Amino acid sequence: MYKNPIPFQKSEGLGVNRDKNHPRFGRSKVFPEGQRPEKSRILDPGSDVVLKWNRIFLFSCLMALFVDPLFFYLPSVLNQERSSCMRTNVDLRIIVTCFRTVADVFYLLHVVMKFRTAYVSPRSRVFGKGELVMDQREIAVRYLKTEFLIDFIAALPLPQIVIWFILPAIRSSHADHTNNALVLIVFLQYIPRLYLIFPLSSQIIKAAGVVTQTAWAGAAYNLLLYMLASHVLGASWYLVSIERHATCWKSACGDEFNRTKCSLSYLDCGTLTHSDRAEWVNKTLVFTNCNPDNGTYFNYGIFGTAVANNVVSSGFVEKYFYCLWWGLQNLSSYGQGLTTSTFIGETLFAILIAMLGLVLFAHLIGNMQTYLQSMTVRLEEWRVKRRDTEEWMRHRQLPEGIQCRIRRFTQYKWFTTRGVDEETILRGLPTDLRRDIQRHLCLDLVRRVPFFSKMDDQLLDAICERLVSSLNTQGTYIVREGDPVAEMLFIIRGTLESSTTNGGRTGFFNSTTLRPADFCGEELLAWALLPRSTLNLPSSTRTVRALTEVEAFALRAEDLKFVANQFRRLHSKKLQHTFRYYSHHWRTWAACFVQAAWRRFKKRKLAKSLSLQESFSEEQLWEEKEELEGENLSSSSTSTLHVKQNLGFTILASRFAANTRRGAQQKAKDVVDLPKFQKPEEPDFSVYHDED
């Protein structure tokens with residue numbers, strides 16, 4: 001049998017708070033005496049508002065890191081029948097700018113929050129706790145000296161300024177210069193924005209314990225970071241592919257300048273309607289030489305796939321998913337399938353892919369394994385324990401029947417608890433919280449027991465606090481008749497059979513079925529209620545066996561005795577009749593008592609009937625005798641002989657009636673003098689003068 005036992009207020013001194021959705025841990029600060037942060041001005045760094053904002057800002061940071069690489073998809077190639085040109089996707093530029101502006105707003109709000117959030121004074125720290133600095137000027141000075149610069153750089157709308165103001169003002173035909181400026185600006189802000197995620201995650205872990213509440217959410221979070229790295233890598237590969245393609249065009253244009261008068265402005269789509277460009281297209285070999293299939297003029301290396309598959313000229317959705325796949329594939333394979341050219345920038349890019357792939361993939365696999373194993377660790381522990389149990393049973397050579405029972409119980413225990421040790425969990429909780437949990441789990445069940453339904457809440461709480469879980473498989477004997485009773489069981493699920501033979505009495509058998517909300521082991525309750533009970537546990541008067549798998553709560557003997565001693569209200573005459581009425585032991589004794597009383601009544605009735613018959617025969621005999629004395633002495637001799645004969649018959653009848661009465665009395669005595677059913681033990685309520 002397996003057993004397990006079963007409004008947090010904010011403390012100003014320790015700064016502890018309770019959140020309904022997330023567990024809150026001890027904060028490392030206290031408020032100065034007589035001061036509290038003003039809700040409208042200064043925020044507590046461990047408050048619910050700051051925690052919720054940190055979670056929102058973390059999500060916005062991830063979205064911002066996703067939006068920034070989308071600027072790399074702005075340049076594209078427009079292919080025509082005999083020529084191509086560079087252009088900028090205006091629609092995509094507007095959409096990305098809007099999303100980027102929304103992300104910048106969150107960074108600005110975060111800066112405002114930092115100016116309004118108190119901090120723990122390092123000088124006041126004692127045992128990891130300290131006082132909060134709530135002076136707005138001191139908070140601003142500290143923030144400007146520490147984290148303001150990084151937050152300010154991350155909040156600047158630099159890509160929008162470059163794309164919408166600077167680049168149009170210095171518009172040039174050199175496409176690579178435009179791309180290089182864009183790359184420089186985006187990566188200049190990408191590094192501080194990426195850095196902000198780590199201290200932000202640390203703050204959330206410090207306040208709530210974990211970033212994500214479930215193992216699946218943690219695995220998804222790490223997978224999201226890995227996909228974000230693949231997204232950045234794919235966007236960078238696309239932008240460098242555009243740059244390499246433009247470099248080939250410029251190189252070919254410079255080589256044929258003397259022959260065709262090639263101008264770099266012809267490579268921009270803004271000159272498509274110029275007549276001189278149309279003449280140049282008919283004579284130029286720039287687009288033929290820069291074909292990736294012609295590897296003799298220009299070696300694209302790892303970027304040739306983007307040009308050959310027309311990725312640079314495809315729609316945004318097509319090019320985005322293709323680049324994401326390319327980044328994910330090469331990041332997972334550490335760039336092993338890449339064939340680079342001798343261009344040093346391309347080689348460095350491939351090295352960066354290999355290093356990032358090795359680090360990020362190892363980080364992803366490690367975290368994913370940790371999170372996923374946390375969900376199956378209980379199952380693995382159960383499998384190991386089951387294997388050890390099988391080896392032990394084979395070593396001890398247990399019978400097959402006992403082995404089947406052990407396997408059935410182990411399986412039922414796992415199915416019911418999933419390997420969770422409730423006793424360990426409850427033992428680590430505060431007393432008040434543990435009492436509330438036990439009350440929620442057990443109070444309704446205990447109140448179903450009629451004997452306990454008459455008690456007050458304080459006594460019921462004491463009983464619920466000491467209830468433990470009990471599991472029993474089909475066919476298990478909870479207790480046998482004559483064995484010591486160590487606990488009371490309150491059934492939650494399943495059925496039990498409770499039977500008795502009155503100590504092995506021949507021909508006596510009483511049985512009943514216990515269902516959910518019933519209880520057994522009431523002998524223990526009578527023992528605990530005794531004012532001077534002995535240390536020996538009471539013997540069971542019934543045999544209790546599980547008919548199905550049974551889940552119940554158990555109340556041990558020492559716990560019940562403790563409750564009875566601590567709460568004298570348990571010794572109440574009001575509970576005596578309730579206990580007798582619902583106890584199966586008392587019901588059986590009452591049935592036997594009624595049967596014995598009925599037999600005694602039948603005996604007295606039979607004896608009275610025979611006594612009346614005997615009295616009637618004697619009276620008749622005396623009457624006949626008086627008649628004989630009053631007769632005439634002159635009667636004939638024949639009359640005298642007839643009277644003597646009648647007197648003899650009367651005497652014989654009287655003797656027969658007496659013998660019959662003695663035989664009936666002896667028979668009735670033999671029938672009644674049977675072994676009596678033992679009366680259940682009950683406490684002496686006369687010792688206590690409680691309410692009636």
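Me: What makes Lys114 and Asp151 a salt bridge, and how far apart are N and O?
Reply: A salt bridge is a side-chain nitrogen of Lys or Arg within 4 Å of a carboxyl oxygen of Asp or Glu. Keep in mind that this is a predicted model. The side chains of Lys114 and Asp151 meet that rule, with an N to O distance of 3.5 Å.

Me: Okay, and which helices does that pair link?
Reply: The two residues sit 37 residues apart in distant parts of the chain. Lys114 belongs to helix α2, and Asp151 to helix α4 (residues 148-155).

Me: Is Lys114 buried or exposed?
Reply: Buried means under 20% relative accessible area. Lys114 comes in at 16%, so it counts as buried.

Me: Now Asp68: which residue does it pair with at 2.7 Å?
Reply: Asp68 lies in the loop between α1 (48-67) and β2 (75-79). Its salt bridge at 2.7 Å, taken between the closest N and O atoms, reaches into helix α2 (residues 90-115). The partner there is Arg100.

Me: How many residues apart in sequence are the parts that Arg193 and Asp68 tie together?
Reply: Arg193 forms a salt bridge with Asp68, with the closest N and O atoms 3.7 Å apart. Arg193 is in helix α6 (residues 175-208) and Asp68 is in the loop between α1 and β2, so the pair ties together parts separated by 125 residues.

Me: Which residues are linked with Asp68 in a network of salt bridges?
Reply: Asp68 is buried at 1% relative accessibility, and Arg193 is buried at 0%. Linked with Asp68 in the network are Arg100, Asp104 and Arg193.

Definitions and conventions
Residues are numbered from 1 along each chain as its sequence is written. This is a predicted model: local features need pLDDT of at least 70, side-chain atom pairs count only at pLDDT 80 or more; totals for chains, interfaces and linings use all residues. Side-chain values use heavy atoms; hydrogens and water are left out. Helices (H or I, at least four residues) and strands (E, at least two) are DSSP runs, numbered from the N terminus. Buried means under 20% relative accessible area, exposed over 50%, partly exposed in between (1.4 Å probe, protein chains only).
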